[in-house]
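Okay, thanks for squeezing me in. Could everyone bring up the sequence and the model, so we can walk through them together?

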Amino acid sequence: MIDTKKLLFDLSNASGVTGLDGAVSVAEGALTGLGLATERDQMGGLTAVIKGGKKRIMLDAHIDEVGMIVTAIDGDFLRVAAVGGLDERLIVAQEVTVHGQKDIFGVFTSQPPHVKGESSDAVKLADIAIDTGYSHDELCRLVQLGDRVSFRTSAAEMLDGRFCGKSLDNRAGCAAVIAAAESILQAAEHPTVIISLSAQEELGLRGARTTAFAVSPDEAVVVDVSFGDMEGLKPTECGKLGHGPMIGISPSLHRGVTDALINAAKCGGIAYQNEVMGGATSTNADVIGISGSGVRCGLISIPLRNMHTPVEVIDIGDVTAAGRLLTQYVLSGGAESD
């Protein structure tokens, strides 16, 4: 049986900036351990099929993370650009791993406050560099332009079921999908389920677009993260950690799938929250829904604090509940036909 906590540790700690496959390898190991055959696509994502009935339901969660790419070797330092929507306010003095000829420890430079003065302006990524301790000649031997850089953070369990780490956007969703796959495999009857751990979401929802076109599902449920309750956010703008996954309600989502998800939560006794959006969801649901001739699509989000930082925080109970909700939805047959 899958240990969701251990899986989260392994997924969070693995490298997964677009171009790196550490997280994909972890997920691949978990899925093959369930007896599923996996396939890597040309975008860098991972798929597996649970064969069943005629209806084809796609369960998608993106597996990539925000990070950086080396743009220049500037003396004894490295210059980088963002890969995905990086929050540049947090960059100064962060520890990183440069994935060159070997993994190299580095830190972002930081001007001492004695020199910087009293300016409160946020430092821009282009204005700082990574210090690895290597000389220019050694860097030229070990690092190439285009090598990826990821945050160097170790996942940690917090009090009261909370979990902290990098890339929980969206390894939390991946863990929920993998847990659902295990439960669905144990059922005597179920629809055909396509597991999609898609790549390049942080670069514009690219991987899910091509995967959905390739597998042509009848309907899909996307699992991602959304804003968790914290200081500075209105209760109407976020979900509460520990109160269950958030079910998306939006004109861009299929009403029948949304209703079926809510019904599945109620029938399964699974706590959930509503997340209402006025249009696009800014998740893979936006591109899966318009793939091919159209796919009926729903959305489940896991509340998360400190999005796009190395210290994202979730509640493990929300992850396991999301997995249970996916299972209940699939075993209930999904949405009714239009």
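So, phenylalanine 9: is this residue buried, exposed or partly exposed? Its relative accessible area is 23%, so phenylalanine 9 counts as partly exposed, since buried would need a value under 20%. Keep in mind that this is a predicted model.

Phenylalanine 9 has a ring partner, phenylalanine 163. Their ring centres are 4.8 Å apart and the planes sit at 80°, so we call the pair edge-to-face. If you wonder about those two numbers, a pair of aromatic rings is described by the distance of the centres and the angle of the planes. The count of aromatic pairs comes to one. Along the chain the two partners are 154 residues apart, with phenylalanine 9 in helix H1, residues 4–13, and phenylalanine 163 in strand E11, residues 162–165. Unlike its partly exposed partner, phenylalanine 163 is buried, at a relative accessible area of 0%.

Now, the core. The largest nonpolar core has 57 residues, and the ones touching the most other members are Leu8, Leu31, Leu59, Ile195, Leu197, Ile314 and Tyr329. Which helix gives the most to this core? That's H5, residues 168–185, with ten residues. There's also another core lying apart from that one, with 20 residues, including Val70, Leu90, Ile130 and Leu139.

Let me pick out isoleucine 314. Leaving aside residues up to four places away in sequence, its contacts include Leu8, Phe163, Leu168, Ala172 and Leu241. So that's our buried phenylalanine again, touching isoleucine 314. Also on the contact list of isoleucine 314 are Gly161, Arg162, Ile302, Pro303, Leu304 and Val319.

Next, lysine 166. This one is in the loop between E11 and H5. Would you guess buried or exposed for lysine 166? Buried: the relative accessible area is 2%. Its neighbours, again not counting residues up to four places away in sequence, include a run of Ser12, Asn13, Ala14 and Ser15, plus Glu65, Phe151, Arg171 and Glu312.

Lysine 166 also lines the largest cavity. Rolling a probe the size of a water molecule over the atoms shows where empty space is left. How many cavities of 30 Å³ or more does the search of the whole structure find? One, and its volume is about 70 Å³. Along with Lys166, the lining has Glu65, Val66, Phe151, Ser167, Asp169, Glu202, His308, Thr309 and Glu312. By type, five of the lining residues are charged, three polar and two nonpolar.

Asp169 from that lining brings me to the backbone. Most residues other than glycine have a negative phi, and most peptide bonds are trans. The bond from aspartate 169 to asparagine 170 is cis, though, with omega near 15°, and asparagine 170 lies in helix H5. Then there's glutamine 200, where phi is positive, near 60°. Glutamine 200 is in the loop between strand E12, 191–198, and helix H6, 206–215, and is buried at 10% relative accessible area. Serine 216 has a positive phi too, near 45°, and belongs to the loop between H6 and strand E13, 219–227.

Last stop, cysteine 267, in helix H7, residues 255–267. This cysteine is exposed, with a relative accessible area of 56%. Its C-alpha is 8.2 Å from that of glutamine 328, which is 61 residues away along the chain. That's me done.

Key. Residues are numbered from 1 along each chain as its sequence is written. This is a predicted model: local features need pLDDT of at least 70, side-chain atom pairs count only at pLDDT 80 or more; totals for chains, interfaces and linings use all residues. Side-chain values use heavy atoms; hydrogens and water are left out. A nonpolar core is a set of buried Ala, Val, Leu, Ile, Met, Phe, Trp, Tyr and Cys residues joined through side-chain atoms within 4.5 Å. Buried means under 20% relative accessible area, exposed over 50%, partly exposed in between (1.4 Å probe, protein chains only). Helices (H or I, at least four residues) and strands (E, at least two) are DSSP runs, numbered from the N terminus. Contact means heavy atoms within 4.5 Å. Rings of Phe, Tyr and Trp (its six-membered ring) pair if their centres lie within 6.5 Å; planes under 30 degrees apart count as stacked, over 60 as edge-to-face and the rest as tilted. On a 1 Å grid over the protein atoms alone, a cavity is a set of points where a 1.4 Å probe fits but cannot get out, and a pocket is an open set with protein on both sides within 12 Å along at least five of seven lines; lining residues have an atom within 4 Å of a point. Grid points are joined across faces, edges and corners, and a volume is the space filled by probe spheres set on the points. Ala, Val, Leu, Ile, Met, Phe, Trp, Tyr, Cys and Pro count as nonpolar, Asp, Glu, Lys and Arg as charged, and the others, Gly among them, as polar.
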